[in-house]
Amino acid sequence: MTGRKHSDASASSKSSAAAVPWRPTASRAMLEQRAVLLARARRFFADGGVLEVDTPMVVNAPVSDVNIHSALVDLGAPLTGAVQTAPASSGSAEARRPFFLHTSPEYAMKRLLAAGSGDIYQICHVVRGFERGRFHNAEFTLVEWYRLGFTLDDLMNEVDALVRALLGPVASGHASERITYREAFLRELQLDPFTATLAELGEAARKFGFAGTDSKGASEVPTAGAATPAGSATHAHRDELLDFLMGAVIGPRLGVNALTFVHGYPATQAALARLDPHDPRTALRFELYCEGVELANGFHELASATEQRARFNHDISERRRTGLPAFPPDEFLLAALEAGLPECSGVALGFDRTLMLASGAKTIEEVLPFPTERA
C-alpha cells in the first residue's frame, strides 16, 4: 500500500509540473539585450547628471484615474496612526488600512522633488489591473524621470535622444515628428476633436467597433470650450470617444518610420499636467508613438495643490459614478505640492515596449522573463 501511494504521488507531481509552465518566455539572448538596454539607460542619465532613486512599490493611496486600476494589498497590519482615513466603503476607521501596488512612481518622486532632490529618474516595476494583450502585461517596467526647469519641448528632445539610444540601429531612418492632438485627428480621421459634435465622434467610433456608452440623451458640445461643466457626463462621454479613437484608430497609425510626439491633449485629459496658458482648451502633455506603439507620456507638471485636489476629487466622483472602487486622494502628495513643487517636466517611458521595438519582438511575453501567468 505504501509503494502504491508513492507511485500515485509521483505521477500527480509530474502532471502538475506539466500543467504549470515554469520556463521563462524570454530567451537568453533577449535577457542579454534587456540587460544591455537597462545599462544604456542608466548611463544616459548618469551622463546627464540625473540622480537614480528608488521609491516604494507598496503605497498608501491608489491612482484616481478612471482608466487605470490599482492592485489592492493586504499587509495584515491594523490601522494605527494612519495619516489617511479608511475608505468610506470599508465600514469604519477601525478597518485594516488599505495599501496598493503603485501604477507609477510619480507621486513618490514628486515628494522627493518637493524635498529638494533635484533632477531624478527611476527604473522600476509597476502594476496595473486589467492590463493584458500584445503590448500589455499587468506588471511591467517604467523608466520615469523629472527635469527641473525643462519645458515640454526640452523634455521631448531628451526623450527622443534616450529612445534613439535604446533603439540603436532600429532608430536609423526614423525621423522625428511633432504634431498636435488636433492635427493627428484631422490627418487620420478628418475630424477636429475640439469642435466635432458627440454625434460625429460617436459615428466615427462606431465605424471602428466602439461598443461603449451610448450617447443618446447627452447634450451636444459644439466646442471644447463650451460652457459645460468639465465633470459632466457629457464631457466624460466625449473623452471616452476621443480615448477610443486615439487608442484604437489613430495611435496605431502613428510613428511609421518615425518618433512621433503628439502634444496639446484636451484639457479634460490633462491628468497631472498644467493647462496651456496660450490655449486653455489644451494641456501641456505629450505622448510618443513609434511604429504604432505608444511608448511615453509626458507632462509639464502641475504644481498647484488646490488644482490637483480638485482634479483628484473629480476623478473620485467619476469612479463612483461608473461603479469603480474609490478611495481618498494621496494626502502625502498634496502636502508635498503645498510645500512647493519646483518648476519641472516629467515623463514615463515603457521600457518593455521599447525593448520590443529594439529587438523585433512581436509580443511583450518575448521580452519578459515571466509574464503574469507564469509569475
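A charge sits over a ring if NZ of Lys or CZ of Arg is within 6 Å of the ring centre and within 35 degrees of the ring normal. Keep that in mind as we work through this predicted model.

**Exercise 1.** Find which ring Arg178 lies over, and which ring Arg285 lies over.

*Solution.* Start with Arg178: it lies over the face of Phe261, at 5.6 Å from the ring centre. Now turn to Arg285, which is placed over the face of Tyr265 at 4.3 Å from the ring centre.

**Exercise 2.** Classify the ring pair formed by Phe45 and Tyr121, and place it in the chain.

*Solution.* Step one: a search of the whole structure finds 10 aromatic pairs. Step two: in the pair of Phe45 and Tyr121, the ring centres are 4.3 Å apart and the planes meet at 20°, so this pair is stacked. Step three: Phe45 belongs to helix α2 (residues 28-47) and Tyr121 to strand β5 (residues 120-127), so the pair links distant parts of the chain, 76 residues apart. Step four: Phe45 and Tyr121 are both buried. Finally, ring pairs join Phe44, Phe45, Tyr121 and Trp145 into a cluster.

**Exercise 3.** Do the same for Tyr181 and Tyr265.

*Solution.* First, the geometry: with 4.7 Å centre to centre and 50° between the planes, the pair is tilted. Next, the location: Tyr181 lies in helix α5 (residues 181-189) and Tyr265 in the loop between β8 (258-263) and β9 (275-276), so the pair ties together parts 84 residues apart in sequence. Last, the surroundings: Tyr181 and Tyr265 are both buried.

How values were computed:
Residues are numbered from 1 along each chain as its sequence is written. This is a predicted model: local features need pLDDT of at least 70, side-chain atom pairs count only at pLDDT 80 or more; totals for chains, interfaces and linings use all residues. Side-chain values use heavy atoms; hydrogens and water are left out. Rings of Phe, Tyr and Trp (its six-membered ring) pair if their centres lie within 6.5 Å; planes under 30 degrees apart count as stacked, over 60 as edge-to-face and the rest as tilted. Helices (H or I, at least four residues) and strands (E, at least two) are DSSP runs, numbered from the N terminus. Buried means under 20% relative accessible area, exposed over 50%, partly exposed in between (1.4 Å probe, protein chains only).
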